[in-house]
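Work through the exercises below with the structure open beside you, and try each task before you read its solution.

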Amino acid sequence: MRLLDRFGRATTDFFEYAGGVTLLSGESLGFMARLRIRAGETVSQCAILGVQSIVIVILTALFTGMVISLESAQQAVAYGFSGFVGGAVAYGTVRELGPMLTAVVVAGRVASAIAAELGSMVVTEQIEALRSMGLQPARFLVVPRLTALLLMLPLLTIFADVVSIVGGMWVAQAYAHIPYATFLSSVRQTIDFPDVVKGLLKSFVFATIIVMVGAYQGLSTRGGAAGVGQAVTGAVVLAIILIFASNFVLSFLLFG
Amino acid sequence: MPTVSESSNGRLIARMENVTLSFGERVVLKDCSLDIVEGAITCIIGLSGAGKSTILRLLDGLLLPNDGHVYVRGEDICHMTEEQRNVVRQKISLSFQFSALLDSLTVGENVALPLREHTRLSEAEIRRAVMDSLDSVGLTQAYDNLPAELSGGMLKRAGFARAIVTRPELVLYDEPTTGLDPIVTNLITDTILRLREKLRGTAVVISHDLPSIFAMADYVAMLFEGAIIAYDTADRIRNSHNPIVAQFLEGSEFGPIPI
């Protein structure tokens, strides 16, 4: 009986959470569709959420591209198909790792920051103050962040793709003596424009997940500082899980 | 259930009628009724955790009752859409206990926020209105300060300035003097009185500070165990024979109020 009770409660919680995130997303996208976007705040969020994530995205993409190249170059040299290393690095990066790793890294930074900021605003009654002034927290706080990340995450993904391929190219040359021209030729033969577009399409979905999960966690914070901590942890964990899960679904739909 | 209708013929700006509100298992208000007379200062007193702040949130439509009605200017705000309530909220301002200024904005930007969002005033007009509000609470020098740079009393007054900048018809003050020294408490009390004169509006004040309450209140309501058990003019409440009111005003631990 207790197990059944627990299952029932978990099911209710799940649907309550999913419903809450869906409503908040619908409300926010509705404001965006009606162009009710605070431009100044959006620009400021582009700097906070996007520009300040560049270094961590570069480092992650660089080392990921380097390690893919290192692993594939070893095998390629051993079996005599070193002309395919560039393609292997680019294929994995542009279609999968570039969008996903960029999103995961940004989720760690941004989902937590959004949850912490909005959660603190809840416990200090700032959200209630906004509502009492007749301002919708979704329009005032969520829409600028969502718009900013929808603009910045695809750009960061392009950045990550390029850096990853350049890092891979450098390792392939330094470690396996594969010429840059050979590497780039392999990249061009393997990757075409639709692959890049589909990879970027993923980043729009990931941006929405990161902001909406972070915002919903923050806005549903209860219980003071401890509640803010739980909101932050929950936001990062859930955003990353949803990014991995949706990446599988998107890959299946786009490339399957 | 005493309401002001029984003690005054004043015109009402807001009214709670048989409101019941629970948070989970906990019943905060039970069949609670309260009238707010236009142009008067009504103070709500009661034990900590009795639900006084909840009443302010109900009047502002931030909380909705499980049962009963809340009327503002004769309209039941419980059966409105959030957008309709937002329109009503432009006539009401809530000044929060800890001011609730947005900490990413300066004091000037905080006070200007409702004007920027709800009016088409030019920046020059907004600045004039903000300076006028800040001047009303003696805080013009804090225009460019962030909330974190202000003292407790200054924060409260900055919260007042934001609350009055739109010239609301009803201002709700949530514990405006709590945690302040006696001099700042007097300053805050004077400020509320001056703002009432300036706005020619109505105020509802939640407070535990009895001298401050009797200095400013026209009406006093006592909330006890989820209902208004006494509501009358300040003088009559001060001399009330109701044992619960009398014990509360005396601050005695002996009497019908369970400690």
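**Exercise 1. How much area do chain A and chain B bury between them, and which three residues of chain A supply more of its share than any other three?**

Solution. The model is a predicted one, and the two chains together bury about 1600 Å², of which 51% lies on carbon and sulfur atoms. On the side of chain A, the three residues to find are Arg131(A), Ser132(A) and Met133(A), which supply 35% of the area that chain A buries against chain B. As a last step, list the residues that take part: the contact takes 16 residues from chain A and 21 residues from chain B.

**Exercise 2. Describe the polar and charged links between the chains, and then the side of chain A that touches chain B.**

Solution. Begin with the counts, which are five salt bridges between chain A and chain B and six residue pairs in polar contact, both residues being at pLDDT 80 or more. The side chains of Glu117(B) and Arg38(A), for instance, meet in a salt bridge at 4.0 Å, taken from N to O. Next, turn to the helices: H5 and H6 of chain A each supply at least two residues of the side that touches chain B, and the largest share, six residues, comes from H5(A). Finally, sort the residues of this side by kind, and they divide into six nonpolar, five polar and five charged.

**Exercise 3. Find the largest nonpolar core, and name the helix that gives the largest share of this core.**

Solution. The largest nonpolar core has 55 residues, and among those with the most contacts inside it are Leu130(A), Leu149(A) and Ile243(A). Helices that give two or more residues to this core include H1, H4, H6 and H9 of chain A, and the largest share, 14 residues, comes from H6(A). A second, separate core of 47 residues includes Leu134(B) and Phe248(B). To look more closely at Leu130(A), leave aside its neighbours within four places in sequence, and its contacts are then Met121(A), Leu135(A), Phe140(A) and Leu141(A), together with Leu102(B) and Leu113(B) of the other chain.

**Exercise 4. Is Thr147(A) buried or exposed, and what does its side chain reach?**

Solution. First place the residue, which lies in helix H6 of chain A. Its relative accessible area is 12%, and because buried means under 20%, Thr147(A) is buried. The side chain of Thr147(A) reaches the backbone oxygen of Val143(A) at 2.7 Å. Beyond its neighbours within four places in sequence, Thr147(A) is in contact with Met32(A), Ile37(A) and Thr42(A).

Key. Residues are numbered from 1 along each chain as its sequence is written. Chains are lettered from A and ligands numbered from 1 in the order in which they are written. This is a predicted model: local features need pLDDT of at least 70, side-chain atom pairs count only at pLDDT 80 or more; totals for chains, interfaces and linings use all residues. Side-chain values use heavy atoms; hydrogens and water are left out. A nonpolar core is a set of buried Ala, Val, Leu, Ile, Met, Phe, Trp, Tyr and Cys residues joined through side-chain atoms within 4.5 Å. Buried means under 20% relative accessible area, exposed over 50%, partly exposed in between (1.4 Å probe, protein chains only). Helices (H or I, at least four residues) and strands (E, at least two) are DSSP runs, numbered from the N terminus. Contact means heavy atoms within 4.5 Å. Buried area is the accessible area (1.4 Å probe) that two parts lose on being put together, summed over both. A polar contact is a pair of N or O atoms within 3.5 Å; within protein, one must be able to donate a hydrogen and the other to accept it, and residues adjacent in sequence count only if both atoms are side-chain atoms. Ala, Val, Leu, Ile, Met, Phe, Trp, Tyr, Cys and Pro count as nonpolar, Asp, Glu, Lys and Arg as charged, and the others, Gly among them, as polar.
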